[in-house]
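Visitor: I would be grateful for a close look at a single part of this structure, namely the pockets. Please set them in the context of the whole chain.

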Amino acid sequence: MMDQKSEEIKNRQQAIEREHEEKQRKADETLHKLVEDIDNHPDDYRTYYDLCSFLVQLHNYTQAEELMMKALGLFADRSKKAKETLTYGLGNVYYAAGEYDKAIEQFNSLSDGNMKTDAYIMLAQSYMAKEDYKKAVVFALTAQGFRRQDPEINYLLASSLLAIGNFKEAAEFYDKVLAAKPNDGKANFDRGIVAMVLEEDFSAYFDKAKSNDPKYFEKGQKRLADIEKFIQVKNKK
């Protein structure tokens, strides 16, 4: 019986190792192709941006930063679009690495209209990560002015408003998200929390959240407990 169990564990470990090796092989292939693209198109700044984005996915932040700095040195004086794109890329590197102040500095330096809305989104996310929710609301609201129906921006704005306790306004923007994406688990869960605070019916939101994003639902249980305590305290006053 023990031998059978040992065999099962061994087989599982081997399967995990094979999967890891396959992922590593694919990552190496992609990396090789992206480096080749730079060699074959040395005057195209986008090849540097693509490689940097992949390095961020691999959590190689130091290499990604070095690559972006090198690319900015090569292309910043050649075209405004190249400079703005690469600056945005550098901001993303810092954001992914958790260096939010450095990320904010890069995103704030962007002036190009097309990049600016994306920069506002990243500024809002950076300030959310720093728990400076009032500034997050300002930048999310600015981004929302450019893309009113964008569910990603509306979710970001709703979450910022929830964090500062503006529950009615948060509800309004979560409703916009759910109008576009009715089965979004995160938005349903967060809207359920807002509904609890506003003393609205919340069960349907939590049911949808549980079925569509069970991991987020599980992670949110502590928040639910905190909100329930908050409501109890409020009702006692």
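**The pockets and their setting**

Guide: Along the sequence, this predicted model follows the pattern α-α-α-α-α-α-α-α-α-α-α-α-α. The protein thus has 13 helices and zero strands. Its radius of gyration is 22 Å, whereas a compact globule of 237 residues would have one near 18 Å. Taken along the principal axes, the C-alpha atoms fill a box of roughly 65 × 65 × 30 Å. Buried residues account for 38% of the 237 residues. Of the contacts between residues at least 6 apart in sequence, 47% join residues at least 24 apart.

Against this background, the largest pocket can be considered. The space within the largest pocket comes to about 460 Å³. Its lining consists of 17 residues, and those closest to the pocket centre are M128, Y155, S159, D190 and Y216. Four helices each supply at least two residues of this lining: α6 (113-129), α8 (151-163), α10 (185-197) and α12 (214-219). The largest share, six residues, is that of α8. Sorted by class, the lining of the largest pocket comprises nine nonpolar, three polar and five charged residues.

The second largest pocket has a volume of about 170 Å³. Its lining is formed by L162, A163, F167, I193, R223, D226 and I227. Two elements, α8 and α13 (221-236), give two or more residues to this lining. Helix α13 provides the largest share, with three residues. By class, there are five nonpolar and two charged residues in the lining of the second largest pocket, and no polar ones. Helix α8 therefore appears in the description of both pockets, being among the elements that supply at least two lining residues to the largest and two or more to the second largest.

A salt bridge connects a residue of one lining with a residue of the other. D190, one of the residues closest to the centre of the largest pocket, pairs with R223, which lines the second largest pocket. The N to O distance in this salt bridge between D190 and R223 is 3.2 Å. The pair links distant parts of the chain, with D190 in helix α10 and R223 in helix α13, 33 residues apart. The two partners fall into separate accessibility classes. D190 has a relative accessibility of 2% and so counts as buried, while R223, at 31%, counts as partly exposed.

This salt bridge belongs to a wider set, for which the count comes to 13. Salt bridges that share partners also join D118, R147 and D150 into one network. Two further pairs show how the sequence separation of the partners can vary. In the pair D37 and K33, the closest N and O atoms are 3.3 Å apart. These two residues are four residues apart in helix α1 (residues 2-40), and so are separated by about one helical turn. The salt bridge between R78 and D43 likewise has its closest N and O atoms 3.3 Å apart. R78 lies in the loop between α3 (61-75) and α4 (80-96) and D43 in the loop between α1 and α2 (45-57), so this pair ties together parts that are 35 residues apart in sequence. D43 has a relative accessibility of 60% and therefore counts as exposed.

Some other local features complete the account. Q106 is located in helix α5 (residues 100-108). With a relative accessible area of 16%, Q106 is buried, since the class requires a value under 20%. Apart from its neighbours within four places in sequence, Q106 is in contact with T87, L90, G91 and Y94.

Two loop residues have a positive phi although neither is a glycine: E131, with a value near 65°, and E199, with about 60°. E131 is in the loop between α6 and α7 (133-146), and E199 is in the loop between α10 and α11 (203-212). Both count as exposed, E131 at 58% relative accessibility and E199 at 57%. These loops adjoin helices already described, as α6 and α10 are among the elements that each supply at least two residues of the lining of the largest pocket.

How values were computed: Residues numbered from 1 in each chain as written. Predicted model: local features only at pLDDT ≥ 70, side-chain atom pairs only at ≥ 80, totals over all residues. Heavy atoms only, no water. 1 Å grid on protein atoms, 1.4 Å probe; cavity = no way out; pocket = protein on both sides within 12 Å on 5 of 7 lines; lining within 4 Å. Points joined across faces, edges and corners; volume = space filled by probe spheres on them. Nonpolar A, V, L, I, M, F, W, Y, C, P; charged D, E, K, R; others polar. Salt bridge = Lys/Arg side-chain N within 4 Å of Asp/Glu carboxyl O. Buried < 20%, exposed > 50% of the residue type's maximum accessible area, 1.4 Å probe, protein only. Rg over C-alpha atoms; globule rule 2.2 N^0.38 Å. Contact = heavy atoms within 4.5 Å.
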